[in-house]
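Hi everyone, thanks for coming. I'd like to walk you through one structure today, and I'll start with a question once it is on the screen.

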Amino acid sequence: MDFSIADKAERWAGFWQDVGMLMPEICLVIAMCAIVIVPFFNRKNVWLPVGAAIAGVVTALIFTATFKSSSNTVFHGMLAIDPFSQFFKFILLIFTLLIIAQWTIAKSDKSKPVDTPDFLCLLLGAGFGMTLMASANNLLMIVVATEAASLPSFALAGFRKYKKSGSEGALKYVLFGSVASAFMIYGMSLVYGVTGSLDLNAVANAAAGVPHLIGAESAMTVNNPAGAIEALQLANAAPTSPMLGIGLLLMFIGIAFKLSAAPVHFWCPDVFQGAPIAVTTFLSVASKGAAVILLVRIMVVFAVGAEEAARLASGFAAIAANAINTGAASETFEQAKAMFASYSAPTFTGMAVGIGILGAVTATWGNLVAFHQNNLKRLLAYSSIAHSGYMIMGASAMIFAGSTGQEVAAAVLFYLLVYVFMNLGAFTVVAIVAERTGTEEIDELTGLGGRSPGLALLLGIFLLSLFGMPGLGGFLGKIFILKALVAVPGGGGYALMAVLLINTLISLYYYMRPVYAMVFKQDTQERGPIIMGDAARVVLSVCAIMLVWTGLGGASTLTRDFTTIYRPGQPIVEDPGSASNSQDNDAQEGKTIVHTIGNAKQQVLLIDSNNSATKTPDTKDVNNANNADNTTLKSVSLR
Amino acid sequence: MTLILNLMIFLPTFGALACLGAPTKDAARKTALGICVATFAMSLVLLSGFFGSEANEAGVWFEYSASWISSINVFYRTGMDGLSLPLVLLTTALSILVVLASWSIEKNAKAFMALYLFLLTGMLGVFLSLDMFLFYVFFEISLLPMYFLIGVWGGPRKEYAAIKFFLYTLAGSICLLIVMLGLFFYSGEGTGGNGNTWHMMALQGKTVTETREDANGVDQPVKIDGANVAALFQAPPEKPVTPEGGAANGAGTGANVGAGEAATAGANTAGEGESDSSAGKYWGFAKAAFWLTLIAFMIKLPGVPFHTWLPDAHVEAPTPISMVLAGVLLKMGGYAMMRITWPIFPEAAQHFWAAVAFLGVLAIIYGAFCAMAQTDWKKLVAYSSVSHMGYVTLGIAVMTPAGWNGAYFQMIAHGISSAMMFFMVGVLYERAHHRDLNRLGGMWLRWPKYGAWSLIAFFAGMGLPGLCGFIGEILVLLGTFEAAGSFDPATVYTYGIFAAFGVVLTAGYILWMFQRVYMGKDKSEYDSYAPVNKREYAIMAVMGVAAIVFGIVPALVFNITDGTFGELMKTLGVTG
């Protein structure tokens with residue numbers, strides 16, 4: 001291979017383009033470095049590292065916000081950059097800003113100036129890992145991202161080094177985390193052994209038997225029925241390979257750990273209890289959110305693999321008939337034809353069932369254990385386990401969703417968005433109470449409704465939203481998840497819906513316990529009012545307003561605009577405007593077109609492989625093709 | 001008019017905020033009273049609007065609809081018809097009396113008034129929403145203030161009663177939510193490609209207009225032929241059905257996502273092609289859904305065996321809250337049955353009529369016996385509510401015009417009489433601080449005027465001819481016997497006879513109670529009791545006069561409901 005200068009320049013241009021897509025992450029890394037360096041100049045000044053952190057996050061935020069809504073992979077398929085992950089990154093960065101605020105306004109002690117750079121550096125490091133998790137599109141990248149998110153989290157969990165409970169939680173976290181990572185890496189090595197690739201799309205294709213199907217197709221077209229039969233047998237065996245199943249299972253254990261899904265959730269309550277409140281809040285939302293996004297991405301990739309297999313299979317009958325017409329009809333040919341006809345594409349139902357059950361068990365376990373928690377942080381920890389269960393249930397629908405995949409993605413995004421605000425709000429109230437009283441017991445809330453009605457009202461709103469009271473965001477989030485579950489075929493979707501509803505009912509009891517203490521219990525100890533600072537007041541009010549706003553239907557259309565998930569086989573469309581600038585459609589319409597072009601191209605390829613289909617078809621055709629394609633996709637996903 | 005209607009729903013919420021910010025307790029009370037009077041005035045304006053336009057008597061009046069959560073086709077849709085107007089009037093009128101009755105509450109009076117006004121929004125919203133989703137939101141929202149009103153201002157076991165009330169009704173709500181979602185998801189197969197709908201009237205088989213976003217994101221009105229939607233949830237026609245609706249469902253969901261106009265058009269043809277064969281497709285769901293909604297609303301009503309929260313809640317609740325609980329909140333159950341369960345699942349209702357009617361008769365008899373056994377006066381009145389609501393269940397279950405009219409009138413009458421009974425109990429309890437029937441007696445001699453108004457209250461509850469309770473009970477009984485024409489006569493007569501026997505039991509426990517409280521000798525311990533004041537007498541007088549007026553001129557209600565009930569009977573497939 002010789003590289004001409006022009007070729008090299010092109011490669012470098014591609015590299016810089018990829019780097020440009022990763023600007024948010026790069027900003028975080030630069031900020032981390034800056035935070036480490038600034039204390040050398042002035043150790044006592046807290047505002048230097050805080051300023052550096054805020055500057056880094058805000059720059060990252062600006063880069064995320066100006067992101068062009070295309071879906072693409074960068075660095076040879078290592079990372080997928082698409083609106084879906086970008087939306088999560090946006091939420092995550094805003095959330096990180098709020099966490100920095102929460103840390104900065106919290107009661108200061110002697111060690112704070114020393115601790116602040118460490119804390120911020122670790123926080124941004126974990127955030128960096130989480131943004132990578134949201135984009136990871138390669139098994140190796142998943143490991144790297146998960147570790148990048150986990151290692152700073154371990155340190156954060158043990159940040160109160162003088163506290164026994166903090167060390168206990170951190171140790172538990174590290175042990176669980178390293179075992180889960182070991183499982184995950186071992187599982188990935190198995191997956192690699194079976195599929196021969198680390199690229200997620202290639203893995204999914206191999207799992208669906210796509211390479212073998214292509215082999216069978218080409219063998220049949222060159223009149224090699226024996227080869228075709230062999231390839232088809234391999235294709236049939238591919239999805240049911242036990243090694244692959246074990247590998248995927250072990251890999252999901254690693255992700256389940258980040259999700260704090262049962263049965264690898266034991267670290268969660270201890271870490272949440274022992275860690276400083278800012279860390280607890282951060283981990284409860286960000287770590288789970290990133291893992292949910294990763295889970296959805298894996299599901300989508302596998303769904304695409306299944307679709308690809310189905311697409312290939314749909315052309316088999318014609319190929320087999322054609323081969324018989326042209327070649328010599330023989331017994332082997334007839335046998336091959338019969339096999340081609342009876343081939344049914346895999347659906348990865350087992351995977352979805354497994355993840356659905358994981359979600360159901362997690363939600364139920366979290367809710368049942370939350371029942372008798374007297375510590376508010378632990379109660380909220382178990383509640384967050386239950387909520388990640390709900391999100392996992394929603395994600396399990398992804399593999400069946402087919403053309404309605406946007407529904408599921410929108411549901412998960414909406415739930416995450418709401419979850420950020422209700423958890424941030426609830427934990428912040430707990431922080432305020434704990435700071436004042438020194439403990440986080442529910443009993444400390446006794447009579448709060450009379451002592452500080454404002455704080456009690458806010459906590460009530462957050463708890464009711466966590467429960468799912470109509471009129472608040474949590475309710476709509478659950479409704480959207482329920483709607484997404486309808487896509488699950490068979491009784492599975494209904495079973496999950498029933499689990500979710502019953503869990504909602506169970507959760508009412510423990511969410512009302514703090515309310516009960518605040519409003520109904522008589523305060524015999526004459527506790528004084530709990531004053532919240534101005535900054536806390538602002539944060540809490542923003543959370544409450546967001547919950548009411550989302551509860552009244554706000555943001556439900558917003559999340560729909562960010563549901564495009566990178567799907568392999570989809571051509572790169574840099575800017576929705578340029579794709580549709582010949583028409584007078586708005587940007588949102590442009591996004592539909594992005595999908596459409598992908599589908600239309602697939603169709604064209606299917607009908608006539610000689611046509612290179614590089615030209616963008618005009619809108620009308622695209623729409624028609626889209627319509628036709630939707631129905632074919634639907635019939636595929638029903639199979 | 002639509003403006004007034006929607007303002008009426010939300011005015012109390014604004015009033016609640018005003019109450020919280022009121023400078024003094026007295027100011028909060030006066031604000032609450034003012035808001036309630038304004039709400040009542042608005043409902044009177046709506047009433048006059050109804051009499052001004054009798055032309056569209058049968059349809060929905062003052063309908064207002066605006067897209068709310070477009071991604072799942074949720075609309076903010078309110079409107080009123082003969083089924084809701086009398087209950088709205090009852091709610092707004094009673095709310096004034098309730099505020100007056102709670103004048104003596106000193107503990108956190110501002111919060112009390114605010115919560116009460118918030119509750120008022122919930123109640124009015126339930127009666128006036130025409131969208132299943134909106135209905136559910138109001139249905140749930142009305143729980144919350146009630147929980148706090150019982151839990152903070154209640155009696156000794158208030159926490160227990162409050163959480164029991166909350167958990168019970170919430171379990172019911174979850175049942176309702178399941179059905180609601182099912183109806184929504186399945187409805188897409190009958191709308192001819194226009195996506196799923198929460199529209200109550202469409203689910204009942206009416207043709208309605210909704211707006212949907214077209215491919216360019218512009219709202220376009222679309223017509224939804226509810227007949228196809230409603231047919232999905234009825235018994236399948238005789239000939240075997242070929243299940244081919246799957247594609248239409250998928251396409252309908254696709255259109256929902258906003259995949260494009262072309263997709264909608266494609267689904268449209270598919271939907272039309274299958275509209276006939278899909279009739280009865282979800283009959284199995286409909287049968288389950290009928291029971292689930294029935295459980296949800298029976299808990300609210302309450303019907304035996306879901307009634308056990310009621311005695312606790314009533315006994316612990318402060319008097320004004322008991323009044324509104326018995327007077328309005330229970331009616332939400334009956335109203336929802338008439339608005340949702342029966343019109344959407346008429347054939348399932350026909351299928352299960354005997355079981356439901358049995359529950360009604362059971363409630364009548366069981367409630368009456370329980371009432372008879374009580375020594376706590378308030379518990380007795382609470383159980384009398386269970387018994388009276390049994391008539392509502394029975395009247396609805398038999399599906400005859402007389403039965404439905406009777407059940408509806410029974411709700412209105414019970415709203416007056418039971419609220420009044422609870423008030424009577426409350427007046428004495430405030431002074432005696434106990435409600436032990438065996439320790440009372442001789443009240444008539446002490447306060448003859450109080451005794452006289454009580455007589456009206458309890459006899460109205462008993463169903464004495466000339467008072468409001470009579471009309472409802474007699475119509476339900478008539479309707480039950482009428483049902484012999486359409487259902488198995490032996491069962492019908494058995495139920496009729498038992499229900500009629502319930503009237504005797506009612507007389508038994510009311511008269512015995514009256515004897516224990518009001519008859520006998522005056523007692524010296526009453527000397528320390530403050531005499532009944534003017535405010536209390538005024539409340540008694542208003543309700544007492546209402547009890548008499550509605551007993552003599554039931555047409556006051558029937559004039560409003562006739563048109564709507566005619567329509568409903570057609571929906572139920574009942575002729576005559």
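Which residue forms a salt bridge with A:Glu25? Keep in mind as you look that this is a predicted model. The partner is A:Lys89, and the closest N and O atoms of the pair are 3.0 Å apart. What I like here is the placement: A:Glu25 sits in helix 2 of chain A (residues 23–37) and A:Lys89 in helix 4 of chain A (residues 83–105), so to speak a link between distant parts of the chain, 64 residues apart. Both A:Glu25 and A:Lys89 are buried. As a general point, side chains of opposite charge can pair when their charged atoms come close.

Over all chains, a search of the whole structure gives 20 salt bridges. Let me take you to chain B for two others.

In the first, B:Asp26 pairs with B:Arg29, with 3.2 Å between the closest N and O atoms. Why are these two separated by about one helical turn? Because they are 3 residues apart in helix 2 of chain B, which covers residues 25–52. Their surroundings differ in accessibility: B:Asp26 has a relative accessible area of 33% and is partly exposed, while B:Arg29, at 5%, is buried.

The second joins B:Asp131 and B:Arg77, whose closest N and O atoms are 2.9 Å apart. B:Asp131 lies in the loop between helix 4 (109–128) and helix 5 of chain B, and B:Arg77 lies in strand 2 of chain B (residues 74–80), so this salt bridge ties together parts that are 54 residues apart in sequence. Buried or exposed? B:Asp131 counts as buried because its relative accessibility is 0%, under the 20% cut-off. B:Arg77 is buried too, at 1%. There is also a network in chain B: salt bridges with shared partners join B:Asp26, B:Arg29, B:Lys30 and B:Glu106.

Now, the interface. How many salt bridges are there between chain B and chain A? The count is 0. Residue pairs in polar contact between the two chains number 2, both at pLDDT 80 or more. Helix 7 of chain B gives the most to the side that touches chain A, with 15 residues. By class, that side of chain B has 29 nonpolar, 7 polar and 4 charged residues. In terms of residues, 40 of chain B are in contact with 40 of chain A. The area buried between the chains is about 3,500 Å², and carbon and sulfur atoms give 75% of that.

Next, a hairpin in chain B. Strand 3 (residues 207–213) and strand 4 (residues 219–225) run antiparallel and are joined by 7 bridges. Within that pairing, B:Glu210 stands opposite B:Val222. The hairpin has 5 residues between its strands, and B:Gly217 takes a positive phi near 80°.

One last stop: B:Lys523, in the loop between helix 22 (489–518) and helix 23 (534–552) of chain B. At 26% relative accessibility, B:Lys523 is partly exposed. What does B:Lys523 contact, leaving aside neighbours within four places in sequence? The list is B:Asn438, B:Arg439, B:Leu440, B:Gly441 and B:Arg446. For B:Arg439, the backbone oxygen lies 2.8 Å from a polar atom of the B:Lys523 side chain. By contrast, B:Thr506 is 17 residues from B:Lys523 along the chain, and their C-alpha atoms are separated by 28 Å.

That's my tour, and I'm happy to go back to any part of it.

Terms used
Residues are numbered from 1 along each chain as its sequence is written. Chains are lettered from A and ligands numbered from 1 in the order in which they are written. This is a predicted model: local features need pLDDT of at least 70, side-chain atom pairs count only at pLDDT 80 or more; totals for chains, interfaces and linings use all residues. Side-chain values use heavy atoms; hydrogens and water are left out. Two strands pair if DSSP finds at least two bridges between them. Helices (H or I, at least four residues) and strands (E, at least two) are DSSP runs, numbered from the N terminus. Contact means heavy atoms within 4.5 Å. Buried area is the accessible area (1.4 Å probe) that two parts lose on being put together, summed over both. A salt bridge is a side-chain nitrogen of Lys or Arg within 4 Å of a carboxyl oxygen of Asp or Glu. A polar contact is a pair of N or O atoms within 3.5 Å; within protein, one must be able to donate a hydrogen and the other to accept it, and residues adjacent in sequence count only if both atoms are side-chain atoms. Ala, Val, Leu, Ile, Met, Phe, Trp, Tyr, Cys and Pro count as nonpolar, Asp, Glu, Lys and Arg as charged, and the others, Gly among them, as polar. Buried means under 20% relative accessible area, exposed over 50%, partly exposed in between (1.4 Å probe, protein chains only).
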